[in-house]
Amino acid sequence: MATDKRKVVLIGAGMVGMSYAYALLNQSACDELVLIDLDRERARGEAMDLNHGLAFSSSHMKICAGEYRDCADADIVVICAGVAQKPGESRLNLLQRNAEVFRSIVDPVGESGFNGIFLVATNPVDIMTRITCSLSGFNPRRVLGTGTALDTARLRYLLGNHLSVDPRNIHAYVIGEHGDSEFVPWSQAMLATKPIREICSQPDINCSDADLNRISDEVRGAAQEIIKAKKATYYGIGMAMVRITKAIFGDENSVLTVSAMLRGEYGENGVFAGVPCIVNRSGIRKVLELPLNEEEQKKFKDSCGTLQAVYQDLNLEGGR
Ligand code: NAD
């Protein structure tokens, strides 16, 4: 019988990586999971811990700690590895160090013969996804970052709450950099098929422009708020990554705001940013171009400009 095992190799078994792994197990989202970390003992312990939950799970997942050669027949390589900022270290210096970390990861993944899809979560995710694409030499449609997928989920949750509507019936996106310059193109936000702005202009609806601004500020500040309260964020991003993984394995053609290379869309070229994309078994099937108004186009251009400047400052010697 032919087997069609869904295999994921996870690089970086820290808080984000293991939240993803735990959610993968609970949602039976793959058949084989290999954990790789610089700290091999940690990866070994995490694999043991997850395996001990198998008897209570509906999943038959095969889980182990492994090596880069395990990437050879993987469908998806997920990267959540990264180094933390040192006291007083500049953002650019941290980025430079993370770029080196990525070289030590992406090169051996490529040498294994891996021919699947990269999914990157390490921050700053748009830059790290671009670095992965450049180092691997892969077709950009097979290199995805988590982008603004989590920010979009936060937006839909907050809007749904405010309007007392199921978030699944809210169609609104956060786009651009996963960071300070991200924004909500409100002209494109819908409740079912009705524009949210139109709904909010009705006198009997308790939703003003100030409420919409507060919601988008809350989305932008959510990560910092959580970090202040509990030092790091990981469950939400872990679940967002499982959602993307399922869209890939299920060949779903789902619309998700992942970080994708723009190749002419929105008038941008080469930069990776969070935009709604159709995601399926081949990775990104298509980047969707929203009909942004003039003000939104400018915000998007500025956000991409920020990402472009940071990437160029990195001066990646030897990057392909
Ligand atoms: P963490 O410190 O808990 O885990 C990082 C792991 O990477 C550690 O286990 C470390 O040993 C490993 N590592 C470091 N260098 C490595 C290498 N060369 N090879 C293999 N493994 C290596 O950090 P975390 O909380 O899991 O966060 C991981 C990343 O995810 C960070 O960059 C964080 O900012 C990012 N993050 C992204 C989002 C998002 O929306 N994209 C959300 C939350 C966190």
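**Stop 1: α3 and α4**

Select helix α3, residues 91-111, and then α4, residues 125-136. In this predicted model, the two helices pack at an angle of about 40°, with their axes 10 Å apart. They are therefore oblique to each other. The crossing is right-handed.

Now show the side chains where they meet. On α3, pick L95, N98, A99, F102, R103, V106 and D107. On α4, pick I127, M128, I131, T132, L135 and S136. Colour this contact by residue class: 8 are nonpolar, 3 are polar and 2 are charged.

**Stop 2: T122, in the loop before α4**

Stay with α4 and step back along the chain. T122 sits in the loop between β5 and α4. Is T122 buried or exposed? Its relative accessible area is 7%, under the 20% cut-off, so T122 is buried.

Display the neighbours of T122. Leaving aside residues within four places in sequence, T122 is in contact with I79, C80, A81, G82, N98, F102 and M128. Three of those names come from the previous stop: N98 and F102 in α3, and M128 in α4, take part in the helix contact. Next, draw a distance from the T122 side chain to the backbone oxygen of A81. The value is 2.6 Å.

**Stop 3: the N123-P124 peptide bond**

Move along the same loop. P124 lies between β5 (117-120) and α4 (125-136). Check the omega angle from N123 to P124: the bond is cis, with omega near -5°. Most peptide bonds are trans.

**Stop 4: α1 and α8**

Select α1, residues 15-26, and helix α8, residues 235-249. Their axes come within 8 Å and cross at roughly 55°. The pair is therefore oblique. The crossing is right-handed.

Which residues make the contact? From α1, choose V16, S19, Y20, A23 and L24. From α8, choose Y235, I237, G238, M239, M241, V242 and T245. The split here is 9 nonpolar, 3 polar and no charged.

**Stop 5: α1 and α2**

Keep α1 selected and add helix α2, residues 40-51. The axes come within 11 Å and cross at roughly 25°. This angle is under 35 degrees, so α1 is roughly parallel to α2. The crossing of α1 and α2 is right-handed.

Show M15, M18, A21, Y22 and L25 on α1. Across from them, show R42, E46 and L50 on α2. What is the makeup of this contact? Its residues divide into 6 nonpolar, no polar and 2 charged.

**Stop 6: S28, after α1**

Follow the chain out of α1. S28 is in the loop between α1 and β2 (32-36). Check its backbone: phi is positive, about 45°, although S28 is not a glycine. Most residues other than glycine have a negative phi.

S28 has a relative accessible area of 25%, which makes it partly exposed. Select R6, S58 and S59 next: S28 touches these residues, not counting those up to four places away in sequence. Then put a distance between the C-alpha atoms of S28 and S57. They are 29 residues apart along the chain, yet separated by 8.6 Å.

**Stop 7: A192, another positive phi**

Jump to A192, in the loop between β8 (190-191) and β9 (194-195). Its phi is near 55°, a positive value in a residue other than glycine. How accessible is A192? Its relative accessibility is 43%, so A192 counts as partly exposed.

**Stop 8: E265**

Finish at E265, in the loop between β10 (254-263) and β11 (269-280). At 13% relative accessibility, E265 counts as buried.

What does E265 touch? Setting aside residues up to four places away in sequence, its contacts are R141, V287 and E289. Draw the E265-R141 pair last: a polar contact of 3.3 Å joins the two side chains.

Note on methods: Residues are numbered from 1 along each chain as its sequence is written. This is a predicted model: local features need pLDDT of at least 70, side-chain atom pairs count only at pLDDT 80 or more; totals for chains, interfaces and linings use all residues. Side-chain values use heavy atoms; hydrogens and water are left out. Axes are lines fitted to C-alpha atoms, for helices over the stretch in contact, and angles run from 0 to 180 degrees between N-to-C directions. Helices (H or I, at least four residues) and strands (E, at least two) are DSSP runs, numbered from the N terminus. Angles under 35 degrees count as roughly parallel, over 145 as roughly antiparallel, 65 to 115 as roughly perpendicular and the rest as oblique. A crossing is left-handed if the near helix is turned anticlockwise from the far one by less than a right angle, and right-handed if clockwise. Contact means heavy atoms within 4.5 Å. Ala, Val, Leu, Ile, Met, Phe, Trp, Tyr, Cys and Pro count as nonpolar, Asp, Glu, Lys and Arg as charged, and the others, Gly among them, as polar. Buried means under 20% relative accessible area, exposed over 50%, partly exposed in between (1.4 Å probe, protein chains only). A polar contact is a pair of N or O atoms within 3.5 Å; within protein, one must be able to donate a hydrogen and the other to accept it, and residues adjacent in sequence count only if both atoms are side-chain atoms.
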